[in-house]
Amino acid sequence: MSPVHTFPLQLRFGDEDSYGHVNNVRFLQFLEDARLSLMHEPRPDGSFMELIDPDHYTLVGRQEIEYRSPLSVSMEPAAVDLWVTAVGGSSFELGYTVRDRVGAQGSTTSAVAATTMVLVSRSTGRPVRLSDVQKTILRSWQGPDVPFRRSGRRA
C-alpha cells in the first residue's frame with residue numbers, strides 16, 4: 001500500500017487572484033485541509049487525532065513551499081498528495097505535492113511543500129513525546145523526502 005494519500009481539491013473562482021491563477025496564500029490552506037483529512041482518517045486503532053488526549057495538541061513548527069507552475073481554476077478537481085517524511089521524538093514531518101488534476105497521468109505539479117508538526121502540552125506549552133502508537137501510525141504513512149529543487153535545502 002502506498003504511503004501517499006491523495007485528497008481531491010475543488011478549486012473555486014475566488015481562489016484566483018488578479019493574475020489569473022490560484023493565489024499563493026491559498027496553497028497553505030490546501031495543505032492544511034489535506035493534513036486535517038489525513039489526521040482524522042479512520043483506522044482500526046483510531047484516527048491519529050483520536051490518540052491525542054485533551055491536554056495535548058499539534059502545532060505547525062515550520063512550513064516550506066516551492067512553487068513550480070501556476071494553478072488555475074478548473075471544473076476538474078486538483079489534488080494534494082500527502083505523506084510523512086520523518087518521525088522524531090515530539091515532531092513529525094509531512095511532504096506534499098499539489099497537482100492540477102486528481103489523475104496522476106498528465107497532471108502538472110504546481111507546488112511541493114513540507115510541514116513540521118510538533119506535539120505540545122496545553123498546560124506547559126512545551127513539546128511532548130509522541131506515543132509508540134502515534135509513531136506507528138505516522139511511520140505507516142512514511143514515504144520519500146520532498147523533492148525540493150533548491151540545492152543545500154531539504155532533499
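How many bridges join β2 and strand β5, and in which sense do the two strands pair? I looked this up before anything else, and found that β2 and β5 (residues 109-121) pair in the antiparallel sense over 11 bridges.

**Entry 1: ground rules**

I noted that this is a predicted model, in which local features need pLDDT of at least 70 and side-chain atom pairs count only at pLDDT 80 or more, while totals for chains, interfaces and linings use all residues. I also wrote down that residues are numbered from 1 along each chain as its sequence is written, and that side-chain values use heavy atoms, with hydrogens and water left out.

**Entry 2: the sheet**

For the vocabulary, helices (H or I, at least four residues) and strands (E, at least two) are DSSP runs numbered from the N terminus, and two strands pair if DSSP finds at least two bridges between them. With that settled, I traced an open sheet of 5 strands in the order β1-β3-β4-β5-β2, with antiparallel pairing. The edge strands are β1 (5-9) and β2 (56-67), each of which pairs on one side only. From one strand to the next the twist averages 25 degrees; for angles, axes are lines fitted to C-alpha atoms (for helices over the stretch in contact), and the values run from 0 to 180 degrees between N-to-C directions.

I then looked for residues that face each other across the strands. His56 stands opposite Ser121 in β5, and Arg62 stands opposite Thr116 in β5. β5 also pairs with β4 in the antiparallel sense, over 9 bridges, and there the bridge partner of Gly95 is Ala114 in β5. As a general reminder to myself, strands of a sheet pair through backbone hydrogen bonds, either parallel or antiparallel.

Is β5 mostly covered or mostly open? I found β5 mostly covered, since 12 of its 13 residues are buried, where buried means under 20% relative accessible area, exposed means over 50%, and partly exposed is in between (1.4 Å probe, protein chains only).

**Entry 3: the helices**

Taking contact as heavy atoms within 4.5 Å, I saw that helix α1 (residues 24-39) packs on the sheet and touches β1, β2, β3 (78-87), β4 (91-99) and β5. The direction of α1 makes about 135 degrees with that of β2. Helix α2 (residues 132-140) lies across β3, β4 and β5, and runs at about 130 degrees to β3.

**Entry 4: charged pairs**

A salt bridge is a side-chain nitrogen of Lys or Arg within 4 Å of a carboxyl oxygen of Asp or Glu, and a search of the whole structure finds 6 of them. Which residue meets Arg99 in a salt bridge? The partner is Asp81, at 2.7 Å from N to O. Arg99 lies in strand β4 and Asp81 in strand β3, so this pair ties together parts that are 18 residues apart in sequence. Both Arg99 and Asp81 are buried, and for Arg99 the relative accessible area is 8%. The side chain of Arg99 also makes a polar contact with that of Ser107 at 3.2 Å (a pair of N or O atoms within 3.5 Å; within protein, one must be able to donate a hydrogen and the other to accept it, and residues adjacent in sequence count only if both atoms are side-chain atoms).

I compared two other pairs. Arg62 and Glu64 form a salt bridge whose closest N and O atoms are 3.3 Å apart; Arg62 is partly exposed at 34%, whereas Glu64 is buried at 13%. Arg68 and Glu66 form another, at 2.9 Å, with Arg68 partly exposed at 25% and Glu66 buried at 15%. Arg12, Asp15 and Arg26 are linked in a network of salt bridges.

**Entry 5: the nonpolar cores**

A nonpolar core is a set of buried Ala, Val, Leu, Ile, Met, Phe, Trp, Tyr and Cys residues joined through side-chain atoms within 4.5 Å. The largest core has 30 residues, of which Phe30, Met39, Phe48, Phe92, Leu94, Leu138 and Trp141 touch the most other members. β1, α1, β3, β4, β5 and α2 each supply at least two residues of this core, and α1 gives the most, with 6 residues. A second, separate core of 5 residues includes Trp83, Val112, Val146 and Phe148.
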